[in-house]
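Hi everyone, thanks for coming. I'm going to walk you through one protein chain today, so let me put it up on the screen.

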Amino acid sequence: MTQQASRRVFLRGVMGAMIASRGVRGWAATEQDGAALVRRVDRARTLRLAARSMQVPVATVTSFPAQRSPGGPHDFYSEADYFWPNPKNPAGPYVEVDGKSNPDNFLDHRKAMLAMAMAVPALTAGWVVTKKKAYADRAVEHLRAWFVTAATRMTPNLEYAQAVRQGVSGRSWGIIDTLHLAEVARAASVLEQTKAMTNEDSAGVAAWFREYLGWLQHSKKGMAERDASNNHAVAWALQAAEFARLVNDEPTRQEIRERYQTVLIEQMSRDGSYPRELKRTKPYGYSIFNFDVMAGLAWSLGGEQEIRWATTDGRGMCRAAEFLYPYLKDKSSWPYAKDVQHFDAWPVRSPGLLFCGLACGRDEYLKLWERLDPDPKDAEVNRNFPIRQPLLWML
């Protein structure tokens, strides 16, 4: 058993003893109980998605040339969602129209990454449930192509993400484009337990994520994203926490834990809302997104204990869930402005509801989580859906 696995077993034992001493309400018990709940709710879905994901082509950024990118064929490139031609200066840099995505953007690299980031966790969850080696084999094929094989691997940085046409070649905001790699890293840690992943595969994947984590921590763009004052900083932290977990970098995870408790929590008001997200042109979607990512971060860093952690004035994920739950249950009660786009596509199966339901002892959150759509079709919602295979987060 690895040192990391031993630590998880020890922590689960400690958590189980603590919960046994205080009693259990409904499903709000241990992470093992969370795994049982997810297995029950998601079993048919897991089998369906794993089988479907066997057909997803293995295709990395090298399969989709980006003609406007200043980088090379291995460099991820995307264009900022909310930027449009300037009618006052058609030849100049595009200008921002907050909340309205430009369909003429280059999206091929983002689509390829999202396809992989949906397939690999689905295949990994399929292996967890069935132990079919074919699922693990296919998942590792994707990992090998994206992160190991020299001819197809992606450069481990985002220097050219969310560029502005006729303007800048890349922005710190683009780091949110790799948010979906957090669950890929989680899946990779599970796949290390299978015979499908060789020592060379494990070393290569770990090396890629270690280098990318270093870029996130020390590059100009990475530090700017870390220090953002809205959902971008939370998305940076979830990525860094999961990448550090994969490569056994506990000092980095402790730094992120302290940052969550002293810096990121300042995004939350005492009532559990996120004022910066409520001021956006998509306040409903952004509030849900930040809640889900912050809950995922807390779960990543400490499971139930970190979800239950709160400031002296009560701010924390249980408070955030109390604020948002009524509007997830009944969107018509939302008292703020409607999103300028995609309002009708929300809500979906919020991982924040699952994590907070388990940790905060709220069965109604778990029941709502179970009822919501786990596989949205709306492209904008999919882009902002950070955790699709919660079973992997219970292991």
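Let's start with Gln 166, which is partly exposed, at 45% relative accessibility. You'll find Gln 166 in the loop between strand S4 (160-163) and helix H5 (181-191). Now look at its backbone: Gln 166 is not a glycine, and yet its phi is positive, about 65 degrees. For background, most residues other than glycine have a negative phi, and most peptide bonds are trans. Keep both halves of that in mind.

Before I go further, please remember that this is a predicted model. The mean pLDDT of the chain is 92, and 92% of the residues reach 70 or more. The stretch to be careful with is residues 1-30, where pLDDT stays under 50. The model still has 44 contacts beyond four places in sequence for residues 1-30.

Okay, back to positive phi. His 342 is another residue other than glycine with a positive value, near 70 degrees. Where does His 342 sit? It's in the loop between H12 and H13. His 342 is partly exposed too, with a relative accessible area of 27%.

Stay in that loop for a moment, since Pro 347 is also placed between H12 and H13. Is the peptide bond from Trp 346 to Pro 347 cis or trans? It's cis, with omega near -5 degrees.

Now let's see what goes on at the two helices on either side of that loop. How many disulfides does the structure hold? Just one, and it joins Cys 318 to Cys 360, with 2.0 Å from S to S. Cys 318 lies in helix H12 (residues 317-329) and Cys 360 in helix H13 (residues 351-360), so the disulfide ties together parts that are 42 residues apart in sequence. In case the word is new to you, a disulfide is a covalent bond between the sulfur atoms of two cysteines. The angle about the S-S bond is -95 degrees, and the link between Cys 318 and Cys 360 is left-handed.

Is Cys 360 buried or exposed? The cut-off for buried is under 20% relative accessible area, and Cys 360 comes in at 15%, so it counts as buried. Then there's Cys 356, which is in no disulfide. Its nearest cysteine sulfur is the one on Cys 360, 4.6 Å away. A disulfide needs the sulfur atoms within 2.5 Å, so that pair doesn't count. Cys 356 is buried as well, with a relative accessible area of 0%.

Moving just past H13, we get to Arg 362, in the loop between H13 and helix H14 (363-371). Arg 362 is partly exposed, at 24% relative accessibility. Along the chain, Arg 362 and Ala 321 are 41 residues apart, but from C-alpha to C-alpha they're 9.7 Å apart in space.

Here's another pair like that. Ala 379, in helix H15 (residues 379-383), is 268 residues from Lys 111 along the chain, with 9.7 Å between their C-alpha atoms. Ala 379 is exposed, at 60% relative accessibility.

Next up is helix H3, residues 108-130. H3 has 23 residues and reaches 33 Å from its first C-alpha to its last, close to the 33 Å you'd expect. How many of its residues are buried? 18 of the 23, so H3 is mostly covered. Right after H3 comes Lys 131, with a positive phi near 65 degrees.

Then have a look at His 142, in helix H4 (residues 133-147). At 1% relative accessibility, His 142 counts as buried. What does His 142 touch, leaving out residues up to four places away in sequence? The list is Val 56, Pro 57, Val 58, Met 116, Ala 119, Val 120 and Leu 123.

Last stop: empty space. Rolling a probe the size of a water molecule over the atoms shows where empty space is left. A search of the whole structure turns up one cavity of 30 Å³ or more, with a volume of about 60 Å³. The residues lining the cavity include Asp 42, Arg 45, Arg 349, Ser 350, Pro 351 and Trp 369. Also in the lining are Pro 374, Phe 385, Ile 387, Arg 388 and Pro 390.

That's my tour, thanks for listening!

Methods: Residues numbered from 1 in each chain as written. Predicted model: local features only at pLDDT ≥ 70, side-chain atom pairs only at ≥ 80, totals over all residues. Heavy atoms only, no water. Helix = DSSP H or I, 4+ residues; strand = E, 2+ residues; numbered from the N terminus. Buried < 20%, exposed > 50% of the residue type's maximum accessible area, 1.4 Å probe, protein only. Expected span 1.5 Å × (residues − 1). pLDDT = per-residue confidence, 0-100. Contact = heavy atoms within 4.5 Å. 1 Å grid on protein atoms, 1.4 Å probe; cavity = no way out; pocket = protein on both sides within 12 Å on 5 of 7 lines; lining within 4 Å. Points joined across faces, edges and corners; volume = space filled by probe spheres on them.
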